[in-house]
Amino acid sequence: MAFVQPALPFETNALEPYGMKAETFEYHYGKHHKAYVDNLNKLTEGTEFADKSLEDVIKSTYKDSSKAGIFNNAAQVWNHTFFWNSLKPAGGGIPTGELGAKIEKDFDSFDKFKEEFSSVAATQFGSGWAWLIDDGGTLKVIKTPNAENPLAYGQKALLTLDVWEHAYYIDYRNARPAFIKNFLDNLANWDFAAENFAKA
């Protein structure tokens, strides 16, 4: 059973009024994400991983250097799908409900969460990801390099931002901080994060 690239949860031009061009998704989703799916299928065809779930592939290949290619492609398929769902038109702002209250409790305030998330996302050297996670009942912000993700670490991801340069270069050139600010102000899908928090 081949791994399939999930459809975007919005049209490629849906985020244009909110700081991300359709061209970004044509390349990032249409080429980068698709390449990870295609590579994963080639690497796993005829192997024990071909019929496993993406999550099981990630967990069973993490830290196995002989399976690094499988892990990297599987994790990037998962990471990108999670990232698309972390975005929504007219998103951003302050989360409410149980997640909003938990962020206030664990970070002291939403502003402090924003500061920490922005700093972590900006200081990930090179390629990687910034995540809001539930780590055993405590919300934390972490960064992971390359394809690594909280799933591999046994943690629960709630929201992510892709800080690989190809994620923002079309829209922001090399201005990663502007990309981060726009994500928090206009794109972060707090409904998706709240759903993940409820399942944690």
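**Notebook: annotated site, largest pocket, two loop residues**

**Entry 1. The annotated site.** I started from the UniProt record, an unreviewed entry, which places the feature "binding site" at His 28, His 80, Asp 162 and His 166. These positions spread over 139 residues of sequence, yet they cluster in space, with a largest C-alpha distance of 12.2 Å. I note here that the model I am reading is predicted.

**Entry 2. Asp 162.** I looked up where Asp 162 sits and found it in strand S3, which covers residues 156-162. Is Asp 162 buried or exposed? Its relative accessibility is 0%, and buried means under 20%, so I wrote down Asp 162 as buried.

Next I asked which residues Asp 162 touches, not counting residues up to four places away in sequence. I listed His 28, His 80, Phe 83, Gly 128, Trp 129, Ala 167 and Phe 179. Two of these names, His 28 and His 80, also stand in the UniProt "binding site" feature. With His 28 I could add a detail: the side chains of Asp 162 and His 28 make a polar contact at 3.0 Å.

**Entry 3. His 166.** I then moved to His 166, which lies in the loop between S3 and helix H7 (169-172). Its relative accessible area is 21%. Buried means under 20% and exposed means over 50%, so His 166 goes down as partly exposed.

Leaving out residues up to four places away in sequence, I found that His 166 touches His 28, His 32 and His 80. The side chain of His 166 also makes a polar contact with the side chain of His 28, at 3.3 Å. I therefore have His 28 down twice, as a polar partner of Asp 162 and of His 166, by the cut-off of N or O atoms within 3.5 Å.

**Entry 4. The largest pocket.** I turned to the largest pocket and noted a volume of about 150 Å³. Which residues line the largest pocket? I wrote down Glu 55, Trp 78, Phe 82, Leu 151, Gln 155, Lys 156, Ala 157, Phe 192, Asn 196 and Lys 199. By class, the lining has five nonpolar, two polar and three charged residues.

I also checked which elements supply the lining. Helix H3 (68-85), strand S3 and helix H9 (190-199) each give at least two residues. H9 gives the most, with three. Strand S3 had come up before, as the place of Asp 162.

**Entry 5. Lys 199.** From the lining I picked Lys 199, which is found in helix H9. Lys 199 has a relative accessible area of 60%. Exposed means over 50%, so Lys 199 counts as exposed. I also looked up one distance: the C-alpha atoms of Lys 199 and Val 141 are separated by 18 Å, and the two residues are 58 residues apart along the chain.

**Entry 6. Positive phi.** Last, I looked at two backbone angles. Lys 63 is not a glycine, but its phi is positive, about 75°. I placed Lys 63 in the loop between helix H2 (54-61) and H3. With a relative accessible area of 74%, Lys 63 is exposed.

Asn 146 is not a glycine either, and its phi is positive at about 50°. I found Asn 146 in the loop between strand S2 (138-145) and helix H6 (150-153). Its relative accessible area is 44%, so I entered Asn 146 as partly exposed.

Conventions: Residues are numbered from 1 along each chain as its sequence is written. This is a predicted model: local features need pLDDT of at least 70, side-chain atom pairs count only at pLDDT 80 or more; totals for chains, interfaces and linings use all residues. Side-chain values use heavy atoms; hydrogens and water are left out. UniProt positions are given in the numbering used here, feature names are shortened, and annotations may be inferred rather than shown by experiment. Helices (H or I, at least four residues) and strands (E, at least two) are DSSP runs, numbered from the N terminus. Buried means under 20% relative accessible area, exposed over 50%, partly exposed in between (1.4 Å probe, protein chains only). Contact means heavy atoms within 4.5 Å. A polar contact is a pair of N or O atoms within 3.5 Å; within protein, one must be able to donate a hydrogen and the other to accept it, and residues adjacent in sequence count only if both atoms are side-chain atoms. On a 1 Å grid over the protein atoms alone, a cavity is a set of points where a 1.4 Å probe fits but cannot get out, and a pocket is an open set with protein on both sides within 12 Å along at least five of seven lines; lining residues have an atom within 4 Å of a point. Grid points are joined across faces, edges and corners, and a volume is the space filled by probe spheres set on the points. Ala, Val, Leu, Ile, Met, Phe, Trp, Tyr, Cys and Pro count as nonpolar, Asp, Glu, Lys and Arg as charged, and the others, Gly among them, as polar.
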